[in-house]
Amino acid sequence: MELNNLKPAKGSTHHDKRVGRGAGSGHGGYSTRGLKGAKSRSGYSRKLGFEGGQMPLQRRLPKFGFKNLKRVEYKPINLSTLEELAAKKELTAINIDTLIGAGFISGNDRVKILGNGSVTKALTVTAHAFSKSAEAAITAAGGSVEKL
């Protein structure tokens, strides 16, 4: 094998279709675009949701609902997750940085601790919000709750 006899694998390359280069090419005349209409013109691009002039779906359906711009989204973390994390890393305090380091949340997430599971050791938990059952379970185990 030498540089002068290298070539691509069979079937791995193909020639582009050269349109509009005369009748002899087989792709002359209308250049595979058919007759007339917007699709035959240069510069045509169909608008998103365009249905050929028919009233589009997003205009046929009625508007409904409401999006509260002041809504605060929380990332839910259960007590069972906190218990596993505390056991694995031997922690007594769990805060936002601990949860980011463990990969449960990203930097901008707000966290709400939920009461699914149980806590056996006294933990100091810092988060943005707590459910009543989670707060009761943490304090019952001898831990404390700090809200950000």
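In this predicted model, three strands make up an open sheet, laid out in the order β2-β4-β6 with parallel pairing. That leaves β2 and β6 as the edge strands, each with pairing on one side only. As usual, strands of a sheet are held to one another by backbone hydrogen bonds, whether parallel or antiparallel.

Take the β2 side to begin with. Strand β2 covers residues 93–94 and β4 covers residues 124–127, and the two pair in the parallel sense over two bridges. Here A93 sits opposite T124 of β4.

On the other side, β4 meets β6, a strand made of residues 144–147; these two also run parallel, and four bridges join them. Two of the residue pairs along this seam can be picked out by name. V125 has V145 in β6 as its bridge partner, while A127 is matched with K147, again in β6. In a regular strand, side chains point alternately to one face of the sheet and the other.

Away from the sheet, the chain start has its own bit of surface to look at. M1 belongs to the segment that comes before α1 (57–60). Together with L3 and L6, M1 forms a nonpolar surface patch, and the three residues share about 450 Å² of accessible area. M1 itself counts as exposed because its relative accessibility is 86%, well past the cut-off of over 50%.

Note on methods. Residues are numbered from 1 along each chain as its sequence is written. This is a predicted model: local features need pLDDT of at least 70, side-chain atom pairs count only at pLDDT 80 or more; totals for chains, interfaces and linings use all residues. Side-chain values use heavy atoms; hydrogens and water are left out. Patches are made of residues with over 30% relative accessible area and no salt bridge: like charges are joined within 9 Å, nonpolar side chains (Val, Leu, Ile, Met, Phe, Trp, Tyr) within 5 Å. Accessible areas come from the Shrake-Rupley method with a 1.4 Å probe; for residues, only the protein chains shown count as cover. A salt bridge is a side-chain nitrogen of Lys or Arg within 4 Å of a carboxyl oxygen of Asp or Glu. Buried means under 20% relative accessible area, exposed over 50%, partly exposed in between (1.4 Å probe, protein chains only). Two strands pair if DSSP finds at least two bridges between them.
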